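Dear colleague,

I am handing over the structure we spoke about, and below it you will find my notes on what turned up in it. Please read them with the structure open beside you.

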Amino acid sequence: MCGIIGYVGPQGSDVTSILLDGLSKLEYRGYDSAGIAVLTTAGTLELRRRAGKIAKLVSSVENGSRPNKGSLGIGHTRWATHGRPNDINAHPHPDCTGILTVVHNGIIENYAELRRELTEQGHSFRSETDTEVLSHLIERYYMGEAYAIAVVSSEQPKLIIGARYGGGPLVVGLGENEQFLASDIPAILTHTRRVLIIDEGEIVALRPQSVTISRLDGTPVEREPLTIDWDAQAAEKGGYPHFVLKEIFEQPEALRRALLGRVRQGQLQLTELERMRQAGLLEGIQRIIIVACGTSYHAGLIAKYAIEQWARVPVETITAAEFRYCNPIVGPETLCIAVTQSGETADTLVGIRQAREHGAPVIAVTNVVASAITRLSDAVLYLQAGPEIGVVATKTFISSVTVLYLLGLWLGQQRGKLTAEQVQSLLASLEQVPGQIQQILDRAASTDDVIAPLAKRMARNTSMIFIGRGVGYPTALEGALKLKEISYIHAEGFPAGELKHGSIALLDPDTPLIGVATASHVYEKVVSNIQEVRARDAHIIVVATEGDEVIRQHADDVLYVPATEEIFSPLLASIPLQLFAYHAAVTRECNVDQPRNLAKSVTVE
Ligand code: AGP
């Protein structure tokens with residue numbers, strides 16, 4: 001879960017600035033230490049490494065010894081797996097000679113054994129990392145593992161080698177007389193929009209005038225470049241104090257984009273699934289398994305309610321880390337849906353690979369074009385949400401849920417469980433939601449906002465409980481996850497009916513309860529669960545539907561959202577919960593965009 005950047009271009013280029021700028025755009029991938037290596041015009045490979053955020057490295061370079069101009073360089077921002085975050089363990093890692101150096105994203109699982117072997121052969125190690133094994137091995141000869149790497153050598157001033165094998169993503173940015181290598185597109189958007197995606201099991205050689213891709217066995221690979229329609233600004237904060245807040249306020253637009261080209265005049269078209277349908281891959285589907293992690297798992301839980309309701313097929317949503325080791329019962333009759341915004345989450349990739357090996361058809365729901373999950377799927381439904389830089393998922397959650405709703409409606413129609421009129425009326429409600437989210441955001445941005453002041457008051461608490469019923473339950477889980485991730489307040493989400501079976505013991509005046517009690521067929525039940533808690537003097541906050549005056553009697557604070565179909569209510573109820581977590585985190589002076597111990601995509605197990 002690290003970020004890699006590389007540049008090769010004309011002699012005398014300001015390689016240092018290009019690398020530091022690229023790393024600053026990759027920091028969400030890991031931010032406990034960073035480093036760069038620049039091959040200067042004098043032919044020396046200059047390394048600069050610092051523990052801490054990119055800013056620490058930038059100031060040490062600016063105030064210390066800035067590498068001279070040169071022709072190529074690589075850089076890295078780290079999320080430590082082997083060896084604590086410090087200057088020595090930061091990448092790049094040179095070999096014994098200092099001639100070549102490596103940056104790496106992934107894990108070398110058998111590094112200890114290799115390290116012992118190399119040490120016996122006279123290699124001397126400087127760091128505690130698994131990565132340093134690579135530079136010594138490349139120094140000796142080539143080997144196989146889960147990695148994405150970039151390697152430069154002072155003896156090859158016009159060449160960067162990148163390779164990818166089971167590890168994190170790698171993209172090449174095509175320039176005029178210069179080329180860029182990076183773990184993610186936002187890092188090179190300021191320089192070019194023409195990119196090449198490097199697939200697993202491929203090696204790429206970048207020279208100022210050329211880029212050549214080959215399989216690890218040397219077979220040449222031809223690939224058409226993609227033109228990215230995101231602009232560089234998309235990777236900037238746009239005047240917001242944090243990417244997370246910017247992305248929360250982008251949700252109306254993100255939701256509209258998820259519907260774009262799929263909902264026309266009340267008609268639903270998922271052309272992405274046509275080839276699968278024509279190939280008969282969806283005939284005979286008897287059950288659906290949704291495989292995902294974290295926030296994507298919560299989106300999958302909401303989809304379970306929707307797809308079962310509309311398509312009348314049993315749906316099981318399972319976390320990928322459990323799925324991959326539970327020897328699941330899957331086959332051609334099981335449709336597997338992989339939900340992963342980054343498209344690179346290791347557990348989800350391996351889980352889906354296994355399902356495919358058992359003949360299960362796979363649909364991927366992802367936000368990243370040509371990401372690894374897309375190559376493991378029979379069809380891909382892109383979120384079209386634009387880049388999400390904040391480590392915590394907000395707009396991609398709303399977009400994932402929306403795309404899964406469209407998939408559920410499509411399956412319901414295909415299976416003859418929903419009439420065109422029913423689909424039309426549900427789509428009409430769904431098309432209202434972006435405007436309704438805008439209403440919530442406008443109020444939150446106005447002087448009438450009640451969410452920020454409430455979050456400020458509650459931020460002193462160390463634990464909170466979230467409850468809900470039906471689709472309100474995964475909404476509660478997601479609300480709890482957001483609060484945990486960015487404010488570090490302990491929070492748990494429960495099915496409201498479960499509370500009295502034990503967890504209600506946690507409630508006291510210092511442990512507030514947040515209840516999702518929007519209009520639903522189980523509303524009364526949620527209210528009675530809230531009343532049970534009232535008796536324990538816990539502070540009660542409720543997300544409710546506008547016009548619901550009854551709930552005021554049972555709660556200390558009510559966060560109102562507009563009315564919509566019960567099944568769509570998570571799209572609205574999640575917004576105040578995201579804003580609550582955001583303001584609690586700001587009040588506690590947490591790093592909202594880069595929370596401790598987290599990274600944007602979890603590319604290792
Ligand atoms: C959510 O805020 C977190 N970033 C994390 O739980 C995330 O949802 C999870 O790692 C799955 O990521 P994916 O959607 O890219 O697979």
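**Helix packing and salt bridges**

On the H11 side, Thr402, Tyr405, Leu406, Leu409 and Gln413 are in contact with Ala420, Val423, Leu426, Leu427 and Leu430 of H12. Sorted by character, the residues of this contact between H11 and H12 comprise eight nonpolar and two polar ones, with no charged residue. Please keep in mind throughout that this is a predicted model.

As for the geometry, two packed helices are described by the angle between their axes and the distance between the axes. Here helix H11 (residues 395-414) and helix H12 (residues 420-430) pack at an angle of about 170°, and their axes are 10 Å apart. Because angles over 145 degrees count as roughly antiparallel, H11 is roughly antiparallel to H12.

Turning to the charged side chains, the structure holds 30 salt bridges, and three of them are described here.

In one of them, Glu344 pairs with Arg164, with 3.1 Å between the closest N and O atoms. Glu344 sits in the loop between strand S20 (334-339) and helix H10 (346-357), while Arg164 belongs to strand S8 (residues 160-165), so this salt bridge ties together parts that are 180 residues apart in sequence. Both partners, Glu344 and Arg164, are buried.

Another salt bridge joins Arg215 to Glu202, where the closest N and O atoms are 3.7 Å apart. Since Arg215 lies in strand S13 (residues 210-215) and Glu202 in strand S12 (residues 202-207), the pair ties together parts that are 13 residues apart in sequence. Arg215 is partly exposed, at a relative accessible area of 33%, whereas Glu202 is buried, at 2%.

A further salt bridge links Arg287 with Glu316, and here the closest N and O atoms are 3.3 Å apart. Arg287 is part of strand S18 (residues 287-292) and Glu316 of strand S19 (residues 315-319), so the parts tied together by this pair are 29 residues apart in sequence. Arg287 counts as partly exposed, at 23% relative accessibility, and Glu316 is likewise partly exposed, with a relative accessible area of 38%.

Finally, some of the salt bridges share partners, and in this way Asp199, Glu202, Arg215, Arg223 and Arg375 are joined into one network. Glu202 and Arg215, the pair described above, are therefore a good place to begin when you trace that network on screen.

With best wishes

Notes. Residues numbered from 1 in each chain as written. Predicted model: local features only at pLDDT ≥ 70, side-chain atom pairs only at ≥ 80, totals over all residues. Heavy atoms only, no water. Salt bridge = Lys/Arg side-chain N within 4 Å of Asp/Glu carboxyl O. Helix = DSSP H or I, 4+ residues; strand = E, 2+ residues; numbered from the N terminus. Buried < 20%, exposed > 50% of the residue type's maximum accessible area, 1.4 Å probe, protein only. Axes fitted to C-alpha atoms, helices over the stretch in contact; angles between N-to-C directions. Parallel < 35°, antiparallel > 145°, perpendicular 65-115°, else oblique. Contact = heavy atoms within 4.5 Å. Nonpolar A, V, L, I, M, F, W, Y, C, P; charged D, E, K, R; others polar.
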